[in-house]
Amino acid sequence: MILFLNEITEDLHPHIGKKARGLAILYQQYRYYIPSSFVITNGIDLTSERAKKSILAAFDLFQVDSVAVRSSPVVEDEKIHSLPGKFITVLDTPRDKLLSTIQSVLTSSPVGYPVNMIVQPMVYGIFSGVCYSWDPLKNNGQLLVEMVAGMGHEKLENQLSPISINLNRSDEDFKDQIHKIDNKLSFSKIKNKELITTLLKELHRNSLELEVIFGSPVNIEWAWSQDKLFILKCQSMSSVKEEISTGISTEKKESKLKRVINSKLDKNAKGNFNYNWSAKDPLWMMEYDFNVKSSAKNVADYPYFLNNTDKFLKRNNNTYKFFTRRNNLNGMSIRKIEKMMDYAEHCYSQQRDYFDYLAGCDFDNMKPKILLNHFEQALNFYANHIALYSATESEVLDFVCHPLLEKISHDELLLLFKPNEQDLLVQEQNDWQQLITEPLSTEKILTHIRMYPFLTFRYHSIEQLIISFSELYKQHQGMNNVSPLVANINEKECYKTKLLSQYPEFKNRISLINRMSTNRIKMRNGWVGINYFLNPFFYSLAKKHNEHIEDIIKSYRINDIKNLIMHGDKLNPYIKMQRCDAMVWLSINGLVSISQGIAAKKIIYRLERMTQISTELSGVVASKGNARGKAVIIHCNDVKNYQLINERFQSGDILVSDMIQPEMYDLIKRSAAVITNEGGLLSHAAIICRESNIPCMVQVSEATRLINDGQIVELTDGELKIVSGW
């Protein structure tokens, strides 16, 4: 049996050995840096083709060049059977040698002793070694650290003499230890006292915390890489625990372990989490979106991205996202936001030329290297637009608007968000009104879509688009009550003039609000549009390598697409099935771990349980007004049922959705009010509702779950409640 660390349940702990058990506990429940690993349990038939394929498929999920193969025997370091050093560890194992290496590790065990194996991605450390939280030789309660510069297996295999030091439990003054390490290092480039101090502090803190978790002294194998302490192995020291309990008086033992006993450990998982559960979005887009938002570079460059505070769960139909919002805007300024808007406008100025260029490419006759260059260029284009789009989220908008709200009301502020003629959303609606006055033409619909590709969000084929927009054309044609989106632009301009005359110091902020509102839809047009204009690229790729286009969209990650382009490597059908079923990305302080299939579902289940899901119907008023009516639930990616819902939607019903899509505009016009799980003051729903004087509330967490279809819902003075119905 092959088990990833997040698949190992408590009933399996006695059978997988201390090493695997320790890593599984830390990986599932705590915040340490543990390499994503899988365990090959004792008894697996390594001669069967199925087992070989499963092991290699698991290796491929790591997307690394080499791994470490470690043993995890059930009896190692037990009181009766103490067999340290009898089981080998093999590092730097490439894919083509993985099966033979596993066999050699298996045969290294003494006859009669069952052994499990752990396969980990290689961690190449500046320093590495072992750490005992209780020195087993001196038995004096100090920590014992043995380390080498480079990879720790050299120390374990006696290829060089390690640096051995002791650390006091209650003291973080490491001057003597640092001096000793510094004198023994032969490489000047790593003789960095600040680095060594940080390393020792992390070893000291982690070792004492791990004692609390395991209830006894522990020994760990570790590596310091990418400014992080990776734990490669952690297990309790049973023999030392026995000596402590029998050889030390109760008073002395309590004194020595007081720091450990009184320690408090935050056991909540920290970091950014992104779940794709049978999602409709292309997998490469979801992966790159997550990589951009988890990037330390982008957190520094842009004011709002995912960070390590205020975690919450978002569930949109069958798409799961669990991540954390950043509230700390230290260093943010109006000038910095203005520079971002300058860059957004620059990106938009190049958008149309780039889309026209992609539309004219003959991907069928391009060489692999040129195709790869096109794909990487598209990734950079997407990264810029999704990053700038995120930079106009609610927290940044709140930063800009907060001083205004000290002078004016929230309802008055909403007047500043009314659209103007420069808004892309306004231009699209006006062009659409002109289009439906003309005879139906597929070419005209496609021309309209190419001009406004943000309309294609969640559509992945031209056929789908033509069918959906042809239906919209038929519904809208002959509707005489459809007015232009910008109906009262003079009201907005008059209000702005009045506000500036009263508060001239707000000139920059009011101008910035308008720019953020306009640029947000332009950036959406970019990151959604790149997927639309890459469709011929993916169709060409599928045709060239005899692969299904749906498989590429739903199952292929970025590196998989690159391998398909350059080498024609197609994904294993089993991996495709797992990824379509469920997939999870976890980014903890920049370290990304990936799970899929049943393993991903187990993580989602666990995190749903630990996440407090909202039970209150509260949100942000995006368009003022009161309403009462029957709730009609529609999910943004429920393309198949949209027509059915549209037919039964009555004028005066209340539209409840996770997120508004362009095809819902006619529903909004007939709604008494609009309620959404997501969105902000600059969302599509908010803009259209404000212009049409329809009440709207956004950011109503779990609205589509808490409100049932057909219930009577009332929105009064910013308060939302269910009046009747089940």
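Of the 726 residues of the protein chain, 56% count as buried, where buried means under 20% relative accessible area, exposed means over 50% and partly exposed lies in between, with a 1.4 Å probe and protein chains only. This is a predicted model, in which local features need pLDDT of at least 70 and side-chain atom pairs count only at pLDDT 80 or more, while totals for chains, interfaces and linings use all residues. Residues are numbered from 1 along each chain as its sequence is written, and side-chain values use heavy atoms, with hydrogens and water left out.

The protein chain has 29 helices and 22 strands; these are DSSP runs numbered from the N terminus, with at least four residues (H or I) for a helix and at least two (E) for a strand. Among contacts (heavy atoms within 4.5 Å) between residues at least 6 apart in sequence, 67% join residues at least 24 apart.

Helix 2, which covers residues 49–62, offers a simple check of length. The expected span is 1.5 Å times one less than the number of residues, so the 14 residues of this helix should span 20 Å, and the 21 Å between its end C-alpha atoms agrees with that. Its buried residues are Ala51, Ile55, Leu56, Ala57, Ala58, Phe59, Leu61 and Phe62. After helix 2 comes glutamine 63, with a positive phi near 55 degrees.

Further along the chain, seven strands form an open sheet in the order 16-20-19-18-17-21-22, with mixed pairing; two strands pair if DSSP finds at least two bridges between them. Strand 16 (620–623) and strand 22 (719–724) stand at the edges with a single partner strand each, so one side of each has no neighbour in the sheet. Neighbouring strands of this sheet are turned by 30 degrees against each other on average, direction ignored. Helix 28 (residues 684–692) packs on the sheet, where this helix touches strand 16, strand 19 (673–676) and strand 20 (696–698), and its direction makes about 50 degrees with that of strand 16. Such axes are lines fitted to C-alpha atoms, for helices over the stretch in contact, and the angles run from 0 to 180 degrees between N-to-C directions.

Strand 17 (residues 627–634) and strand 21 (residues 712–716) run antiparallel and are joined by four bridges. Within this pairing, glycine 629 stands opposite valine 713, and lysine 630 has isoleucine 712 as its bridge partner. Strand 21 also pairs with strand 22 in the antiparallel sense, over five bridges, with leucine 715 partnered by leucine 720. These two strands form a hairpin with two residues between them, and aspartate 717 in the turn has a positive phi of about 50 degrees.

Aromatic rings supply another kind of link. The structure holds 19 aromatic pairs, counted when ring centres of Phe, Tyr and Trp (its six-membered ring) lie within 6.5 Å, with planes under 30 degrees apart called stacked, over 60 edge-to-face and the rest tilted. Tyrosine 389 and tryptophan 527 form an edge-to-face pair, 5.5 Å centre to centre with 65 degrees between the planes. This pair links helix 13 (residues 368–390) with helix 20 (residues 507–533) across 138 residues, and both tyrosine 389 and tryptophan 527 are buried.
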